[in-house]
Structure formats: C-alpha cells, structure tokens
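Good morning, colleagues. Please turn to the structure on the screen, which I shall discuss for a few minutes.

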Number of protein chains: 2
Amino acid sequence: MLLAKSGDPRARERWALPWDATRGEEALADAALRIARGVLGTAPAALEQIAAFGDSRRHPGDAELSVGYVGLVPQDGQLRGTQDVAWFPLAELPAVQPRHREIIEAAFEAVRLRVDQSPLAFRLLPPTFTLSELQQVYELLLGRRLHKASFRRALQAAFLVEPTDEWRSEGRGRPAQLFRYAPRKRRDARRGVRFDLLGG
Amino acid sequence: MLLAKSGDPRARERWALPWDATRGEEALADAALRIARGVLGTAPAALEQIAAFGDSRRHPGDAELSVGYVGLVPQDGQLRGTQDVAWFPLAELPAVQPRHREIIEAAFEAVRLRVDQSPLAFRLLPPTFTLSELQQVYELLLGRRLHKASFRRALQAAFLVEPTDEWRSEGRGRPAQLFRYAPRKRRDARRGVRFDLLGG
DNA sequence: TGACTTTAGTGCCGATTTGCTACTAATTCG
DNA sequence: CGAATTAGTAGCAAATCGGCACTAAAGTCA
C-alpha cells in the first residue's frame with residue numbers, strides 16, 4: 001500500500017492516501033490518473049474506481065466527499081524521490097484517518113471482487129509471462145492459494161491465453177513456456193446462482 | 001425504472017432520475033434514502049451505492065459530480081401523488097441526460113453483480129415467501145431463467161432459508177410451503193478462479 | 001364425480017467440473 | 001552422475017449441473 005506524508009501538519013496521522021481535488025472540468029478518472037502519476041512517476045497498470053465516501057461522521061480531511069480509486073502496479077519500483085511517499089506492507093500499515101481506513105478496506109474488497117470480472121491480473125504482467133507467474137498474481141490479488149492443475153484447466157477452458165514459442169529458464173528447475181494474453185472466445189458463463197458467497 | 005419530471009424546464013429531456021444535493025453534513029446514504037422516500041412515500045427495500053460519475057463531457061445537470069444509488073422496491077405500488085414521478089418498463093425508457101443514462105446502465109450491472117453478494121432478493125420479499133416467489137425475484141434481478149431443481153439444491157446447500165409450517169394456496173395448483181430467510185452456516189465458498197466472466 | 005389442468009416439489013441420470021495425488025519432464029547444483 | 005527444484009500432465013473420486021420425468025395437491029369443468 002502506497003501512502004503519502006499527510007499534507008496537513010496539524011493532522012494526528014502522519015500518513016494518508018495520496019489525494020487531490022479535481023481541477024476545473026477534469027473527469028474523475030483523469031484526476032485519479034494524475035494523482036497516481038504524481039506519486040508513482042508513471043501510470044499504474046490498472047486504475048479503477050472503488051466508490052464514493054461521504055459519511056460526515058468520519059473525518060473528511062478537507063473534503064466533504066471523497067471518491068476512491070485503486071491503482072495497481074507490478075512491483076514497488078522506484079518512486080519519485082521528490083515526494084514524501086512510501087510503500088507499506090499490509091501488516092504494517094500506519095494509522096490513517098478513519099475515512100482513509102475505510103477506503104483502503106473497500107479497495108481490497110473491490111480488487112478481490114473484480115479480479116475475475118476484469119483482466120486486472122494480466123495488466124500487472126509483462127506482455128509475455130509464465131503460467132506460474134500468472135497464478136502468483138491471482139493468488140496475491142485474491143489473498144489465497146490456488147491449485148495448479150485446476151487453475152490451468154480453467155484457464156485453458158476460457159481461451160484467455162495463447163502460448164508463444166519461447167521458454168524462460170528461471171534459475172533452477174525446468175524452464176517454463178511463455179504465454180501471452182489473447183482472449184479468444186466468450187464462453188456462456190451463465191451458471192446457476194451462488195448463494196454461498198452471500199454475506200452481510 | 002422510476003423517473004421524475006425534470007426540474008429544469010430548459011432541459012430537452014423531460015424525464016430524469018430523481019436527484020438532489022446533499023444538505024449540510026448529511027451522509028451520502030442518508031441523502032439517497034431521503035430522495036428515495038421523497039418519490040416513493042416510503043423507504044425502498046434495498047438501497048446501495050453504484051458509483052460516482054464525474055465525467056465532464058457528459059451533461060451533469062447542475063452538478064459536477066453525481067453519486068448514483070439503486071433502490072429496489074417490491075412492486076410499483078402507489079407513489080406520492082404530489083410529485084411528477086412515474087414508473088417506466090425497461091423497454092420503454094424515455095430519453096434522459098447522457099449521465100443519467102450511464103447511471104441507469106451501471107445500476108442494472110451493479111444489481112446483477114451484487115445479487116449473490118448481498119441478500120437483495122430477500123429484501124424484496126415479505127418475511128415469509130414461497131420458493132417459487134424467491135426464484136422469480138432472482139430471475140428478475142439476474143435477467144435470465146433459472147433451473148428449478150438446481151436453484152433449490154443450491155439454496156438448500158447454503159442453509160439460507162428455513163421452512164415454516166404454513167402453506168399458501170395461490171389459486172389453482174398445489175399449495176406451496178412458506179419459507180423464511182434465516183441464514184445459518186457460512187459455507188467455505190472458496191472455489192477456483194472464474195476466468196469465464198472476464199469481460200472488458 | 002372424474003378427467004384435465006396447473007403449480008409445487010423430488011428423484012434420478014449422464015455430463016461436466018473440481019480438488020487432489022501422483023506422476024513425468026527438464027533444468028541447475030554439487 | 002544423482003539430488004533438488006520447478007513446470008506441466010494424467011487420472012481419479014467426489015461434487016455439481018442441467019435436464020427430464022415423475023409424484024403431489026390443489027382448482028376447473030364437463
């Protein structure tokens with residue numbers, strides 16, 4: 001999780017989500033991209049809206065209404081040195097404003113929900129990748145382990161990737177074939193109802 | 001879909017989504033509930049945020065930023081006669097502002113996505129209901145037919161409803177047993193990855 | 001009254017999907 | 001060379017799914 005030093009020196013919490021107001025007629029997505037570029041130095045691999053947060057009981061910073069966006073980047077690469085921003089492991093998140101805490105939690109929930117609606121995982125990978133890398137990204141985004149054989153079977157049935165004729169040898173072990181994201185068909189995908197993930 | 005006569009007489013589109021600005025420190029959800037109550041005369045059975053819409057290329061009415069909410073009500077009952085609001089069948093929606101059109105489309109998508117994350121369907125039913133009624137609500141919200149036996153099997157496996165000892169005779173045909181929403185366990189629910197509904 | 005219709009609910013079967021173990025394949029390390 | 005390591009697959013048992021067909025209980029109508 002990328003956080004920035006809070007701009008307001010009176011704030012008790014030193015760290016906060018990077019944020020800014022929209023400028024003029026700027027669209028929300030454009031503002032989110034501008035803010036992300038400002039802290040990353042480059043555009044994120046994915047950028048999606050989470051929701052609007054406007055509960056006045058929580059400290060809104062300066063804003064009455066906040067619209068949260070999640071960005072994803074492949075790794076914690078170099079940041080703009082000029083800014084006071086830093087990556088934090090999930091287990092060591094510092095205290096942030098209540099509203100920012102709420103946005104962060106909603107962000108992780110949104111990612112887990114959208115992983116299989118939108119090709120988030122593929123945007124985090126280079127144009128060609130091994131199936132093990134793809135599976136690792138899915139496991140990271142979903143927060144749980146997946147079974148190798150089932151993962152590959154489902155992937156093959158969905159016609160999402162196609163093999164290249166290149167192989168990559170990553171240190172020890174058998175070299176892995178490189179694949180590329182090339183969605184072909186569109187399976188029907190309409191199954192019955194999933195009562196089992198009904199929560200809240 | 002419930003629409004209201006556009007407040008702005010200069011607008012080309014006569015109909016629009018019911019809307020209002022937030023008042024003072026009012027939370028977004030409270031404002032949505034207030035607006036819904038205003039047009040319905042009563043609170044909707046469900047009310048969930050869709051997203052924030054702030055693309056300046058679309059005509060925003062008066063607002064720079066709109067936060068959309070979907071409300072669901074069991075049937076198109078009586079409305080407040082004092083307001084210029086009316087129900088429209090989906091196939092006969094009149095022209096609305098571009099942003100409102102976008103919100104409407106996102107609303108249906110959001111409902112379809114959240115039907116099996118949140119007990120939307122049960123909120124649309126009275127405390128006791130037949131399984132056929134429940135299935136009809138699901139079919140309405142999902143926009144597709146479901147298989148009776150599979151529906152009931154999945155429902156039973158999820159421990160979501162419990163039978164009452166009452167039966168209802170609805171005109172002709174065998175009387176149906178009444179059930180009540182009483183979620184018991186929480187199944188693991190962690191399946192593999194669903195590549196097949198990856199779109200966009 | 002008794003056949004027919006209508007709706008509710010269940011049994012069962014074949015096809016598919018899933019989770020899992022165990023295997024084979026290809027490479028590096030020592 | 002053999003052990004270790006990673007990639008990829010075969011195959012199996014259990015669960016799930018969609019569909020058909022059946023039974024059950026009511027009303028309808030001659």
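I shall speak about the two protein chains, then the surface near the DNA, and finally a few individual residues.

Please bear in mind that this is a predicted model.

I begin with the relation between the chains. As general background, a rotation about an axis and a shift along it relate two copies of a chain. Here, a turn of 180 degrees with a shift of 0.0 Å along the axis lays chain A on chain B, and the RMSD is 0.0 Å. The two copies are therefore related as by a two-fold rotation axis. Both copies use the same surface, since 100% of the contact residues of chain A recur in chain B.

Next, the DNA. How many residues surround DNA strand C? There are 24, and the closest are Arg174(A) from chain A together with Ser132(B), Gly173(B), Arg174(B) and Ala176(B) from chain B. Several elements supply two or more residues to this surface: in chain A it is α5 (148–157), and in chain B they are α4 (131–142), α5 (148–158) and β8 (176–181). Which element gives the most to the surface near DNA strand C? That is α5(A), with four residues. As to the chemical character of this surface, ten residues are polar, eight are charged and six are nonpolar.

I turn now to a point of backbone geometry. Phe159(A) is not a glycine, yet its phi is positive, at about 55 degrees. Phe159(A) sits in the loop between α5 and β7 (161–168) of chain A. Is Phe159(A) buried or exposed? Phe159(A) counts as partly exposed because it has 15 C-beta neighbours inside 10 Å, where 20 or more would make a residue buried and 12 or fewer would make it exposed.

In chain B, Phe159(B) likewise has a positive phi of about 55 degrees without being a glycine. The loop that holds Phe159(B) lies between α5 and β7 (161–168) of chain B. Phe159(B) has 15 other C-beta atoms within 10 Å, so it is partly exposed.

My last residue is Lys5(A), which belongs to strand β1 (residues 2–5) of chain A. Lys5(A) has 14 C-beta neighbours inside 10 Å and therefore counts as partly exposed. Leaving aside residues up to four places away in sequence, Lys5(A) touches Arg14(A), Trp15(A) and Asp84(A). Between Lys5(A) and Gly38(A) there are 14 Å in space, C-alpha to C-alpha, and the two are 33 residues apart in sequence.

Thank you for your attention.

Terms used: Residues numbered from 1 in each chain as written. Chains lettered and ligands numbered in written order. Predicted model: local features only at pLDDT ≥ 70, side-chain atom pairs only at ≥ 80, totals over all residues. Near = placed C-beta within 6 Å. Nonpolar A, V, L, I, M, F, W, Y, C, P; charged D, E, K, R; others polar. Contact = placed C-beta atoms within 7 Å. Least-squares fit on C-alpha atoms with pLDDT ≥ 70 in both.
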